[in-house]
2 protein chains.
Amino acid sequence: MRPTVHDIAKVAGVSLATVDRVLNARPGVREGTISRVNAAIDTLGYVRDVAAANLARQRDFNFVFVLPDRDTAFIAALRDEIAAVQSHARTDRMTIRRVDVSPHDPQAMVAALHLLADEGVDGVAVMAPETPQTRDAVRHLRAAGAQVVTLVSDIQASDRNHFVGINNLAAGSTAGVLVGRFLGARPGKVLVIAGSMLNRDHAERRLGFDRVMQADFPHLDVLPTLEGRDDAAHIADVLPEALARGDISAIYSIGAGNRGLVRVLKETDAPRIVVVAHELTPTSRAALEDRIFDAVITQDTGHMIRSAARVLRAYAERREIIASQERIRIDIFLRENLP
Amino acid sequence: MRPTVHDIAKVAGVSLATVDRVLNARPGVREGTISRVNAAIDTLGYVRDVAAANLARQRDFNFVFVLPDRDTAFIAALRDEIAAVQSHARTDRMTIRRVDVSPHDPQAMVAALHLLADEGVDGVAVMAPETPQTRDAVRHLRAAGAQVVTLVSDIQASDRNHFVGINNLAAGSTAGVLVGRFLGARPGKVLVIAGSMLNRDHAERRLGFDRVMQADFPHLDVLPTLEGRDDAAHIADVLPEALARGDISAIYSIGAGNRGLVRVLKETDAPRIVVVAHELTPTSRAALEDRIFDAVITQDTGHMIRSAARVLRAYAERREIIASQERIRIDIFLRENLP
DNA sequence: CTAGACATGAGGTACGTCCCTCATTTACCG
DNA sequence: CGGTAAATGAGGGACGTACCTCATGTCTAG
C-alpha cells in the first residue's frame, strides 16, 4: 500500500495538521519540524495522490489558448486539436477555452492577454508575435498568477514557463539539406517563398536554409525571397512570373499558401521541380501523394496542443514535466512515411 | 459546476443508488429506468470524475512490460523509457513492472505470459515474435481479464487490444526513397544488412525497400541481404569483405549492430557511401553528426512506451483512446533535425 | 513575570464516487 | 388475491487530501 499523510505523521511524530502545513507550504512550522517531516516523506517514499488532492481542493483548471484569427490550414489544424483536447479535458477537471485574436491589430493581442490576467485564468497558451508589448503582457499574466506557454513562435525574455514548438533555424537547415541532396550534383536556381520576413519563424527558417546552402551546396543559386503573404491566391498570382524567368530547379516554401503553389505547379509544363514545404495539411499531404511535393517538414499539431495543455497543467499543479515527452520534433514526411 | 451523480438522481427522479447501478452496469434496474437515467446523463452532460472514481475504488493498476532480454541499444532505450514511466506511474495509481525473457527460448515467452495471466495483472505490453504459441498466450491473457498491447512487432489475429509500433513495410520504403534520392542518377550497388530474415519486422522492411528500389530506382543494383545477426562484432567481421567486392555506393542497415558498421566505415578508404540506418541510438546519432550516416529512420521509444502505458490504462478504465496521440510515426532524422 | 506571538495538536467537514446493507415498493405469477 | 422476486430508496462508510477552527503548549521581548 502507498504511504499516506497519516503514515508521515506517525513516522515524523507530528500531527496530521503539521504534515499538511509542510506539504502545502503553509506558514507556522519550525525549520526543525519541517525537516523531520521531509525526512519521513523520504524514508516512506511518499508521493502525494494528485487525484485525491485535486478532488479535495475542488480544483478545476482554467486554461485558454490564444491564437491568431487567420484561416490557414495550420491554424485550422491547431483549432481542431484544441477541440479534441477540450472534449477530453472535462474528464480531467479542466476547462479549456480558445480565444481568437485579430493578427492585424497589434493592440488586440495585448488587450486579450490583459483581460485573461484580470479574469484570473490558471494558464494561457499563446501564439503571438514577439514584440515588447506582448512580452509585457506575458509578464503581467505571470504576475497575476497564471502559467504561460508560448506556442509555435517563442516570446523570449518574457517570463513564460515554457515554449512549445520547434527550432526554426534547424527546420530551415533541414529543408536545405533535403533540397540540396534531392537535387544532386547538377547546378540550378532555388526559389524561396515565404509569408513575410517580419515573421520571426519564417526569417529563422530562411536563415537556417541559407546557411546550409552556402556551406554544403555552393553550386546552387538561392534566389531572393518571394513574399507570398501566406496567401494562396497571391502566390498563384506572382509565382508563374518567377518561374518564367527560368531555370528554377527547386522551391522551398517556408510559410502558408501551399494551395496556390500546388495549383501553379500542376499547370506548369516546366521540368520536374524539387519542392520542400512546411506543415502537413490536406493540401501538402495530397501534393506529396501526387509527387508534386518531395518532402514536407512539419510539427505535429496534435502533439503541440496536447503538450501545451499538459505543461500548463503540470506547472499549475507544481509537478515536474517530462522533458522528452514535451519536445516537439521537426518531422520530415515523404510520400512513403505519411502517417 | 460539473454535474454529479446527485444531479443525475434529481433530474432522473431516482435515488443515488439507482444512478450508481446504472453507471456501473450493476444488475437490478429496469430497462425504462436505465434509459431515464441515461437521458438525464445526456441532458446534464455528465462525465464521471475518473479521479474520484479511482480514489473510491482504491484501484491501483498493475501493468507489465515483457521484453526480450537482448542488449541492443534499442532495447536499452526501451528499458530506460520504462524506468522513466515507472517513476511517474506512482503518481497516477499504477504500478509498472518489467519482465525480461530470453529471446532464444521460445517456450520462455509463453511461460512468462501464462504466469502473468494467472497472477491477474491488469495489462501487459509485450514485444514478442509472432508464433502460434504467442498468439495463444495472448488469447489466454485476454481471457484472464488482462488488457494486452503488442509492442514494436505485432501479433496479429490474437486478441490484443492494440498495437504500438510502426508499419515496417512503409519504413523500408522510406529508407528506399532516401537511398535512391540521396544517390541521385548515378548507378551503383546497394548493400543491405539485416539481423535475420526470420525476424518479421526486418523482413517487412526489406520488402518495402525492395519494392521502392524496383519501382523508382531501377538503375540501382540491390545486393542480397548480408545477415549481421544484430551483432556489432559479427558485422565488423564480415562487412569489410563485402565492401572489398567493390562498387558499393549505399548501405541500408535494417537492424541492430550499427556500432560495427560505423567502425568499419570509419576505417575504410572507400569513396563516400550513402548510409541509411534504423533506430536513433547514441551510436547512430554520433554517426549522423559525423556524417557517416546520412539518415536514420526511427520510432520514438519514449513515445512508444508512454503510449503503451496510456493505452493499457485507457482500456483498463474503459475509456476511449485518442487515436492520433497513439499513432507512432516513422521518424526521419538527418544531422540537421536531430532532437 | 507576563502578554503576545508562534508552533503544534486534535478533530472535523468536504470533495465525488464506489459499494455495502437493509427496508420498502412494485410487478408479476399462479 | 396472496406470495414472491425484482426494482428501488435511504443511508452511510470509505478512499486520500485540503482546509478550517479551536485549544494548548512554548518561547521571547519588555
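Which way do A:Gly123 and A:Ala125 point from strand E3 of chain A, and which way do A:Val124 and A:Val126 point? I would like to start there, and I should say at once that what we are looking at is a predicted model. In strand E3, which covers residues 123–126 of chain A, A:Gly123 and A:Ala125 point one way while A:Val124 and A:Val126 point the other way, and all of these residues are buried.

Let me stay with that strand and describe what lies alongside it. Strand E1 of chain A, residues 61–68, runs parallel to E3(A) and is joined to it by 4 bridges, and within that pairing A:Val64 stands opposite A:Val124. Strand E4 of chain A, residues 147–151, also pairs with E3(A) in the parallel sense, again over 4 bridges, and there the bridge partner of A:Gly123 is A:Gln147 in E4(A). To get from E3(A) to E4(A) the chain passes through helix H7, residues 132–143 of chain A, and this β-α-β crossover is right-handed.

Now for the chain as a whole. Chain A has 14 helices and 12 strands, and its C-alpha atoms fill a box of roughly 85 × 40 × 35 Å along the principal axes. Of the 339 residues in chain A, 43% are buried, and if we take the contacts with a separation of 6 or more, 70% of them are between residues 24 or more positions apart.

Just past E4 there is a backbone detail that you may want to look at on the screen. In the loop between E4 and strand E5 (162–164) of chain A we find A:Val152, which has a positive phi of about 70 degrees although it is not a glycine. Most residues other than glycine have a negative phi. A:Val152 is buried, with 24 other C-beta atoms within 10 Å. A second residue of this kind is A:Arg291, whose phi is positive at about 65 degrees, although it too is not a glycine. A:Arg291 is found in the loop between helix H12 (282–289) and strand E11 (295–298) of chain A. Is A:Arg291 buried or exposed? A residue with 12 or fewer C-beta neighbours within 10 Å is taken as exposed, and A:Arg291 has 11 inside that distance, so it counts as exposed.

Let me turn to the two protein chains together. Chain A can be superposed on chain B by a rotation of 179 degrees with 0.0 Å of shift along the axis, at an RMSD of 0.2 Å, and that is the relation of a two-fold axis. In chain A, the C-alpha nearest the axis belongs to A:Ala51, at 2.5 Å from it.

As for the contact itself, 34 residues come from chain A and 34 residues from chain B. On the side of chain A that touches chain B, the elements giving two or more residues are helices H4 (50–57), H5 (73–89), H8 (168–183), H13 (301–316) and H14 (323–326), together with strand E12 (331–333). The largest share on that side, 6 residues, comes from H8(A), and by class the residues there divide into 16 nonpolar, 10 polar and 8 charged. Because 100% of the interface residues of chain A are also interface residues in chain B, the copies meet through the same surface.

Next, the DNA. Which residues are closest to DNA strand C? There are 26 residues surrounding that strand, and the closest are A:Ser15, A:Thr33, B:Thr4, B:Ala53 and B:Ala56. Helices H2 and H4 of chain A, and likewise helices H2 (16–23) and H4 (50–57) of chain B, each supply at least two residues of the surface near DNA strand C, with the largest share, 5 residues, coming from H4(B). That surface has 14 nonpolar, 7 polar and 5 charged residues.

I will finish with one position in chain B. B:Ala250 lies in strand E9, residues 248–253 of chain B, and with 21 C-beta neighbours inside 10 Å it counts as buried. Leaving aside neighbours within four places in sequence, B:Ala250 is in contact with B:Val179, B:Leu183, B:Gly188, B:Val190, B:Ile273 and B:Val274. The C-alpha atom of B:Ala250 is separated by 9.6 Å from that of B:Leu220, a residue 30 places away along the chain.

Notes
Residues numbered from 1 in each chain as written. Chains lettered and ligands numbered in written order. Predicted model: local features only at pLDDT ≥ 70, side-chain atom pairs only at ≥ 80, totals over all residues. Buried ≥ 20, exposed ≤ 12 C-beta atoms within 10 Å, placed from the backbone. Contact = placed C-beta atoms within 7 Å. Pairing = 2+ DSSP bridges. Right-handed = clockwise from strand over helix to strand, strands pointing away. Least-squares fit on C-alpha atoms with pLDDT ≥ 70 in both. Nonpolar A, V, L, I, M, F, W, Y, C, P; charged D, E, K, R; others polar. Near = placed C-beta within 6 Å.
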